[in-house]
Amino acid sequence: MEKYIEEQSQILKARVGNNPILLLISGGVDSTVVAALLLKIFNGEQIHLMYMDTGLMRKNETTAVRAILEKLGAKNIYVINAQEEFLNALKGKIDPEEKRKVIGDLFISIQEREVARLGLSGDYFLAQGSIRADFVESGDSNGKKVNVVKSHHNVASPLVVAKRQAGKVIEPLSQFYKYEVRELGKFLGIDEEIVNRHPFPGPGLAVRVLGEVTKEKCDILREADAIYIEELKNRRNKAGKSLYDDIWQAFTVLLPIRSVGVINTSAANNEENAERKYGWVLALRAVNSSDGMTANVYPFETRDLLEISRRITNNVKEIGRVTYDISGKPPATIEWE
């Protein structure tokens, strides 16, 4: 890692010079590690970190991201509230590839608008946290065309492609797999809690809300996901390790179907007091992997799944049923869309 940083320092300084660098940051591991790397190589005033609140983020994500960037010593942090724009652009969009491309193009369009507002030089470079798996799944393997599994907005979006062809994109992690990104993050001194954070997709909850994306659905999913992750952090395996740290990636998915259920059926009530409930179906996902290219389903103890499911349905009233996804990769991908 030390040699890699030295090499990247020489390459990037020669390529970028004194031009500004703009990094679109999500708060996930990849973009955070790129931010730390750039801040180590360049003068902090040269690095501009832009975070867009798309309305598709995890619970309390914006507050957490700002705190992380400030701790890294970033001087130029811009938080853009673009929730309404993203949700409006996604209206009526159901196909996963269409959702990814809409989000990718809008990211770049808003970025260009904000760059003009901030007055950055036209010679600025766009930095991204793209990793090896992003390119492979988007149909590009070391410059060779391969089958597209799913387009990543930071790779296959037309506007990103045009920017890359102009030689204005910096992707220092493009040959790294996730475990290597984590190692680099640790070497750069990023807190382990951040480095070991589970992956989060660039399109955010848009690819975890199956079907059309709405604010209501995102709010439901945010609450359920926060409960799931909190439970995993509080629970321990037989070796005493938290389930969160024992799992490579865990998240929830809101399915585009409703299911009939009943409420008010406790022991103190008789069946005459039962009420019909028509709630959303939530899927829990948890896998282990080293590079994201293949993945195995995490073997939960049944008790853990039952108790987590019960807490979610008791606290998120819109959810009426919880399922656990037991498909590995392959044949499934880790994300549902």
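In this predicted model, phenylalanine 300 touches Tyr228, Leu232, Leu243, Ile247, Ala286, Leu305 and Tyr324, leaving out residues up to four places away in sequence. Those contacts make sense in a wider setting: Phe300 and Leu232 are the residues with the most contacts inside the largest nonpolar core, which has 90 residues. Helix α2, covering residues 29-41, gives the most to this core, with nine residues. There is also a second, separate core of 10 residues, and Phe251, Val281, Ala283 and Ala295 are among them.

Stepping back to the whole chain, 13 helices and 11 strands turn up. Of its 337 residues, 54% count as buried. Among contacts between residues at least 6 apart in sequence, 73% join residues at least 24 apart.

Helix α11 deserves a look of its own. It runs over residues 215-234, and at 1.5 Å a residue its 20 residues should span 28 Å; the C-alpha atoms at its ends are 29 Å apart, so the two figures agree. Plenty of this helix is tucked away from the surface: the buried residues of α11 are Lys217, Cys218, Ile220, Leu221, Arg222, Ala224, Asp225, Ile227, Tyr228, Ile229, Glu231 and Leu232. What covers them includes two helices, α12 (243-246) and α13 (302-315), along with the strands β8 (249-263), β9 (275-288) and β11 (319-324).

Helix α11 shows up again at the largest pocket, where it provides the largest share of the lining, eight residues. The pocket holds about 720 Å³ of space. Its lining is made of 31 residues, and Lys59, Glu61, Arg197, Ile229 and Lys233 lie nearest the centre. Elements giving two or more residues to this lining are α3 (61-71), α10 (192-195), α11, α12 and β8. Sorted by class, the lining has 16 charged, 11 nonpolar and four polar residues.

Just past α11, in the loop between α11 and α12, sits arginine 236. With a relative accessibility of 47%, Arg236 counts as partly exposed, because that class lies between the 20% limit for buried and the 50% limit for exposed. Setting aside neighbours within four places in sequence, Arg236 is in contact with Lys241, Ser242 and Leu243. Arginine 236 and aspartate 246 are 10 residues apart in sequence, and their C-alpha atoms are 8.9 Å apart in space.

Asparagine 60 belongs to another loop, the one between β2 (47-53) and α3. Its phi is positive, about 60°, although Asn60 is not a glycine. Asparagine 60 has a relative accessible area of 56%, so it is exposed, the cut-off being over 50%.

The segment after β11 has some details worth spotting too. Proline 330 is placed there, and so is proline 331. The peptide bond from lysine 329 to proline 330 is cis, with omega near -10°. The bond from proline 330 to proline 331 is cis as well, with omega near 10°. Glutamate 335 is also found in the segment after β11. At a relative accessible area of 5%, Glu335 is buried, because buried means under 20%. Glutamate 335 and phenylalanine 251 are 84 residues apart in sequence, yet 8.9 Å apart in space from C-alpha to C-alpha. Phe251 is one of the residues of the second core.

Terms used. Residues numbered from 1 in each chain as written. Predicted model: local features only at pLDDT ≥ 70, side-chain atom pairs only at ≥ 80, totals over all residues. Heavy atoms only, no water. Core = buried A, V, L, I, M, F, W, Y, C linked by side-chain atoms within 4.5 Å. Buried < 20%, exposed > 50% of the residue type's maximum accessible area, 1.4 Å probe, protein only. Helix = DSSP H or I, 4+ residues; strand = E, 2+ residues; numbered from the N terminus. Contact = heavy atoms within 4.5 Å. Expected span 1.5 Å × (residues − 1). 1 Å grid on protein atoms, 1.4 Å probe; cavity = no way out; pocket = protein on both sides within 12 Å on 5 of 7 lines; lining within 4 Å. Points joined across faces, edges and corners; volume = space filled by probe spheres on them. Nonpolar A, V, L, I, M, F, W, Y, C, P; charged D, E, K, R; others polar.
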